[in-house]
Amino acid sequence: MTTVKYSVPNISCMHCVHTIQTEVADVKGVQSVKADQASKMVEIVFDAPASEDQIKALLAEINYPIAA
Ligand SMILES: [Cu+2]
C-alpha cells in the first residue's frame, strides 16, 4: 500500500473536492482519496494495479494537475 500527497492548486470549492474524490476513487487499486479545499492537497492511498503515473495523468486529464 502506498500513500501519496499532492498539491493541487486548482481546488477552489467543494465541487472540485467532490470531482477529484469521485474520479480518483474509480481507479482500480485506489483505496482512499481525501481532497482538502483549504490546503489544496489531495491524499491518496493505493495499491497495484494503480500507479502514481496513472493517478497523476488522470488528475491532469480532469483539469486538476499536480503542482510541479
Ligand atoms: Cu470547484
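## Val42 and its surroundings

Let's start in the middle of things: beyond its neighbours within four places in sequence, Val42 makes contact with Val4, Lys5, Tyr6, Val8, Ile11, Ile20, Val33, Lys34 and Ala35. Please keep in mind as you browse that this is a predicted model.

One of those contacts is also a strand pairing: Ala35 has Val42 in β3 as its bridge partner. Val42 belongs as well to the group of residues that touch the most other members of the largest nonpolar core.

## The nonpolar core

That core holds 21 residues, and the best-connected members are Ile11, Ile20, Val24, Val30, Val42, Ile44 and Leu59. At least two core residues come from each of β1 (2-7), α1 (14-25), β2 (30-36), β3 (41-46) and α2 (52-61). The top contributor is α1, which supplies 4 residues.

Why might such residues gather? In soluble globular proteins, nonpolar side chains tend to be buried together.

## How the strands pair

Here β3 has two partners to look at. With β1, β3 pairs in the antiparallel sense over 6 bridges; within this pairing, Lys5 is matched with Glu43 of β3. With β2, β3 also runs antiparallel, and 6 bridges join the two.

The β2 and β3 strands form a hairpin, with 4 residues between them. If you are checking backbone torsions, look at Lys40 in the turn, where phi is positive at about 55°.

## The copper site

Which atoms hold the copper ion? The SG atoms of Cys13 and Cys16 coordinate the copper ion, at 2.0 to 2.1 Å.

Are these two cysteines buried or exposed? Cys13 has a relative accessible area of 31%, so this residue is partly exposed, because that value lies between the 20% and 50% limits. Cys16 counts as buried because its relative accessibility is 5%, which is under 20%. As for cysteine pairs bonded to each other, the structure holds 0 disulfides.

Key:
Residues are numbered from 1 along each chain as its sequence is written. This is a predicted model: local features need pLDDT of at least 70, side-chain atom pairs count only at pLDDT 80 or more; totals for chains, interfaces and linings use all residues. Side-chain values use heavy atoms; hydrogens and water are left out. Donors are N, O and S atoms within 2.8 Å of the metal (3.2 Å for Na, K and Ca); water is not among the atoms, so sites may look incomplete. Buried means under 20% relative accessible area, exposed over 50%, partly exposed in between (1.4 Å probe, protein chains only). A nonpolar core is a set of buried Ala, Val, Leu, Ile, Met, Phe, Trp, Tyr and Cys residues joined through side-chain atoms within 4.5 Å. Contact means heavy atoms within 4.5 Å. Two strands pair if DSSP finds at least two bridges between them. A disulfide is a pair of cysteine sulfur atoms within 2.5 Å.
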